[in-house]
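Trainee: I would like to learn how to read a structure with several chains, going step by step from a whole chain to a single strand and then to a contact between chains. Could you take me through one?

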Amino acid sequence: MERKKSRWSFLSNGYLVLVLLFIYLPIFYVVLFSFNESKSLTNFTGFSLRWYENMFNDETMLQSIYTTVLTAVIATVVSTVVGTVAAIGLSKAKPLVRNLILEVNNLPVMNPDIVTAIGLMLLFISTKVQLSLTTLILAHISFCIPYVILTVMPKLRQLDDNVAEAALDLGATPVQALVKVILPQIYPAIFSGALIAFSMSFDDFVISFFTAGVGINNISMYVYSMKRYNPSVNALSTLIVVVVTLILIAANVIPRIKDKKTKKEED
Amino acid sequence: MKSFFRMTYPYILWIAVFIVAPMVMILLYALTRTGNSTLTFQFTLENFARFFSDATFMRVLLTSLRIALLTTVFCLLIGYPAAFFISRLSERRQTMMVLLLTLPMWINMLLKTYAWRGILLNFDLASEFKVFIGMVYDFLPYMIIQIHTSIAKMDGNLLTAAYDLGANKWKTFLKVILPLSVPGIISGITLVFLPAVSSFVIPKLLGGGDYVLIGNLIEIYFLTAGDWNFGSAISLIMALIIIASMWLTRKLDRNAQEE
Amino acid sequence: MKKLLSVLLVLCLLAPAAVLADDVLNVYNWGEYIDKQVLTNFQKEYGVKVNYSLFSSNEEMYTKLLSNASYDVIIPSDYMIERLIKENKLQPLDKGIVTDLDSLVDGVKNLPYDPDNTYSVPYLWQSVGILYDSTKIDPAVVEEKGWDIFLDSEYSGHAYMYDSERDAFMVAFKALGYSANTENADEIEAAYNWLREMDKAIHPSYVTDEVIDAMINGEKWLALVYSGDAAYIISENEDMAYCAPKQGTNVAVDAMVIPANASNPELANKFIAYILQPENSAMISEEVGYASPNADVLAELSGPGGAYEGNSAYVPRTGYEKDELFHDNETLKKQLSELWIKVKLHE
């Protein structure tokens with residue numbers, strides 16, 4: 001049995017390592033070539049930081065990073081708030097109404113990016129609304145909200161209605177019942193929803209492409225518009241990899257530290 | 001509790017403006033005659049007829065479906081074992097693995113696709129194969145995580161019960177684990193097939209000008225040819241195909257769950 | 001939580017306001033089509049901020065314009081300018097500010113799309129031609145065959161075709177002796193068949209700007225390119241050479257215009273006048289590879305000691321009666337777009 005087990009774990013771990021290598025291949029490539037001395041995308045000629053220098057001197061690139069982050073933050077905040085509120089309202093609605101609204105809500109999720117993008121562009125153009133940063137943010141909010149609702153609804157369904165009812169019976173106002181009873185219970189789902197919304201907005205290209213205004217570029221749009229591929233993009237990608245890694249580590253370590261603290265307090 | 005429903009009103013207004021109205025616009029453009037930026041209210045079905053009667057467009061549709069299918073099958077073949085192996089690891093290691101898988105999902109798809117373009121420059125491969133690699137790469141993590149979630153949710157007692165009843169590992173897998181992971185498989189397939197069919201960035205960057213999928217067609221008709229009516233018709237057709245498939249998979253899922 | 005939200009929202013609303021504080025100029029141009037130093041210098045000299053956006057095709061730019069986006073200076077191609085003028089989307093230049101039109105080369109001013117240069121002033125210009133590896137293909141063969149070299153199956157697998165329906169059809173029209181602006185159904189059909197033959201004969205890779213780096217690396221022997229890109233490629237790879245075929249080609253001008261709804265027309269005119277100054281035009285042309293419209297700059301850069309001395313692609317051909325400008329023709333464009341998709345899909 002021992003041999004079988006170790007052979008099994010050798011094979012299964014080996015498989016996982018291969019999968020991980022595949023998934024990280026472009027990331028290693030990008031990080032490696034961000035330090036490449038020459039412009040080449042195929043030959044690594046020497047170590048240099050010139051692309052990082054280039055990146056920090058490129059105003060349009062820095063502006064695009066700012067736009068991307070700003071849009072993602074605003075879209076996440078607004079869509080999480082609106083989405084959570086809407087989900088709570090929906091959970092108390094009659095099934096017919098609820099299902100109808102949920103079906104419509106799902107349209108941006110099911111629809112191909114490009115169809116949603118074009119729909120929004122047509123909307124803005126025919127209402128003579130000038131494309132701008134605002135239209136970009138509005139577009140992002142509108143495709144983020146459905147994801148928040150989709151994440152929060154299942155958790156809401158699992159809630160025990162009686163707890164909220166009890167709170168109301170005991171004299172709480174609806175607002176208090178909402179804030180003190182319902183919200184804390186669904187907090188993890190809200191957090192997940194917000195994370196998903198942020199990553200959808202950060203990553204978006206197609207919808208931004210069709211709805212952004214004068215001089216507004218997010219990272220994806222900027223990279224797409226480059227005529228000759230500029231290796232500074234590798235530097236940008238590496239920067240993003242580093243930031244994302246740090247955030248994910250923090251997101252996992254902080255709760256654990258909190259847990260340890262509460263455990264200590266309990267002891 | 002009725003008062004809670006009032007919370008939905010602002011969102012209903014939002015939906016009307018930002019979800020329903022755009023779809024109505026696409027519908028209007030699809031059903032009218034060419035007028036580019038001005039909607040001429042001459043209703044016609046010619047845009048749809050034009051799409052279905054042209055062998056080229058049918059071929060594009062088939063290519064899109066074909067590559068989406070291939071991508072989905074491969075993501076399933078590679079992803080299922082991965083998800084299963086991960087579920088056999090210790091709790092700590094599982095979290096690590098899920099984290100490692102999620103990290104690349106946070107990096108812009110465009111940046112990752114450009115990276116692949118750089119890597120693939122070193123090899124002389126057919127466009128379709130390059131696009132295939134790009135797509136599998138982009139969608140694999142989603143498939144793995146969906147399947148893993150449903151396997152991880154499984155009640156360990158079921159497995160113990162199966163062993164107690166004398167089933168060996170293979171049988172347990174086939175009769176217990178596999179069926180229970182079906183919801184995960186279905187959502188994985190949904191998360192891969194549908195975006196793959198409508199993808200336009202990956203084919204454009206990795207496939208070269210002669211690799212045209214439906215998403216690329218829409219882009220061409222809207223931006224290059226300026227034929228918004230036809231472009232809208234194609235968009236609508238694609239949206240309908242996808243909504244129909246989603247509805248189908250949800251029905252299958254419900255049936256599977258009932259069993 | 002609510003307080004944090006409102007503070008955040010206010011901060012975000014203030015951010016764009018902060019940008020508006022300085023005088024701002026919104027410029028919309030092709031990607032990699034300027035020397036960033038010129039922008040920096042302009043901003044410093046006039047104490048303003050330039051919001052610089054990129055587009056990769058005239059059509060994309062036109063679509064953005066439709067949404068009432070307010071740019072101050074745009075740099076479209078000739079046929080697009082023709083369309084914008086027709087649709088009253090441009091405003092006349094202030095000839096009091098934009099004065100120096102005499103220094104422009106004859107081939108680029110007073111062209112049919114804007115006969116008196118009322119609305120536009122050339123920025124850079126170019127021709128479309130054949131880029132080839134002179135160590136692999138004999139220049140005499142290229143000169144002799146002109147566009148028909150793209151039908152020669154000897155080069156199968158060794159060619160790039162630029163993914164632009166207008167340019168590809170132009171090649172076919174010229175090879176067959178027709179006008180690049182023809183609306184004749186038979187001629188269009190013939191051109192379509194010529195292109196299908198081309199696709200079957202040489203199996204090209206359909207690319208856009210990837211062709212630049214690829215040809216610098218000598219990946220293939222033959223490509224359809226714009227002269228500016230060719231000039232840049234040749235300056236980085238001496239084996240490459242350029243030919244504007246004897247059957248005639250498209251000569252194009254990209255020019256600066258001011259949209260009718262520009263928010264800062266005065267500054268826009270100043271920007272245009274600034275770009276026209278020889279030093280700035282020279283910087284841009286040298287950086288990008290496309291020809292400057294300024295006669296002196298052109299002579300200097302292509303002459304002894306110039307950056308593009310001896311570069312066969314830098315100065316576009318002028319005065320050749322078979323060369324043509326594109327005219328704006330939407331119906332034709334739609335038709336050609338669809339036919340081009342079929343060509344690429346090897347129909």
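Trainee: How many helices and strands are there in chain C?

Mentor: In this model, which is predicted, chain C has 13 helices and 10 strands. Its radius of gyration is 22 Å, close to the 20 Å that the globule rule gives for 347 residues, so chain C is as compact as a globular protein of that length. Taken along the principal axes, the box that its C-alpha atoms fill is roughly 70 × 50 × 40 Å.

Trainee: Which share of the residues of chain C count as buried, and which share of its contacts join residues at least 24 apart?

Mentor: Of the 347 residues of chain C, 49% count as buried. If you take the contacts between residues at least 6 apart in sequence, 76% of them join residues at least 24 apart.

Trainee: Now to a single strand: which way do the residues of strand E9 of chain C point, and are they buried or exposed?

Mentor: The general idea is that in a regular strand the side chains alternate between the two faces of the sheet. In strand E9 of chain C, which covers residues 240-243, C:Met240 and C:Tyr242 point one way, while C:Ala241 and C:Cys243 point the other way, and all of them are buried.

Trainee: How many bridges join strand E5 of chain C to E9(C), and do they run parallel or antiparallel?

Mentor: Strand E5, residues 120-133 of chain C, is joined to E9(C) by four bridges, and the two run antiparallel. As one case to look up in the view, C:Tyr132 has C:Ala241 in E9(C) as its bridge partner.

Trainee: What does chain B contain, read in the same manner?

Mentor: Chain B contains 13 helices and zero strands, so you will find no strand to pair there if you look for one. Along its principal axes the C-alpha trace of chain B spans about 70 × 65 × 35 Å, and 45% of its 259 residues count as buried. Among contacts in chain B with a separation of 6 or more, 74% are between residues 24 or more positions apart.

Trainee: How many residues do chain A and chain C give to their contact, and which helix of chain A gives the most?

Mentor: The contact takes 19 residues from chain A and 22 residues from chain C. On the side of chain A, helix H3 (59-91) and helix H5 (113-126) each supply at least two residues, and H3(A) gives the most, with four residues. Sorted by class, that side of chain A has 10 nonpolar, six polar and three charged residues.

How values were computed
Residues are numbered from 1 along each chain as its sequence is written. Chains are lettered from A and ligands numbered from 1 in the order in which they are written. This is a predicted model: local features need pLDDT of at least 70, side-chain atom pairs count only at pLDDT 80 or more; totals for chains, interfaces and linings use all residues. A residue is buried if 20 or more other C-beta atoms lie within 10 Å of its own, exposed if 12 or fewer, and partly exposed in between; C-beta atoms are placed from the backbone. Two strands pair if DSSP finds at least two bridges between them. Two residues are in contact if their C-beta atoms, placed from the backbone, lie within 7 Å. Ala, Val, Leu, Ile, Met, Phe, Trp, Tyr, Cys and Pro count as nonpolar, Asp, Glu, Lys and Arg as charged, and the others, Gly among them, as polar. The radius of gyration is taken over C-alpha atoms; the globule rule is 2.2 Å times the number of residues to the power 0.38.
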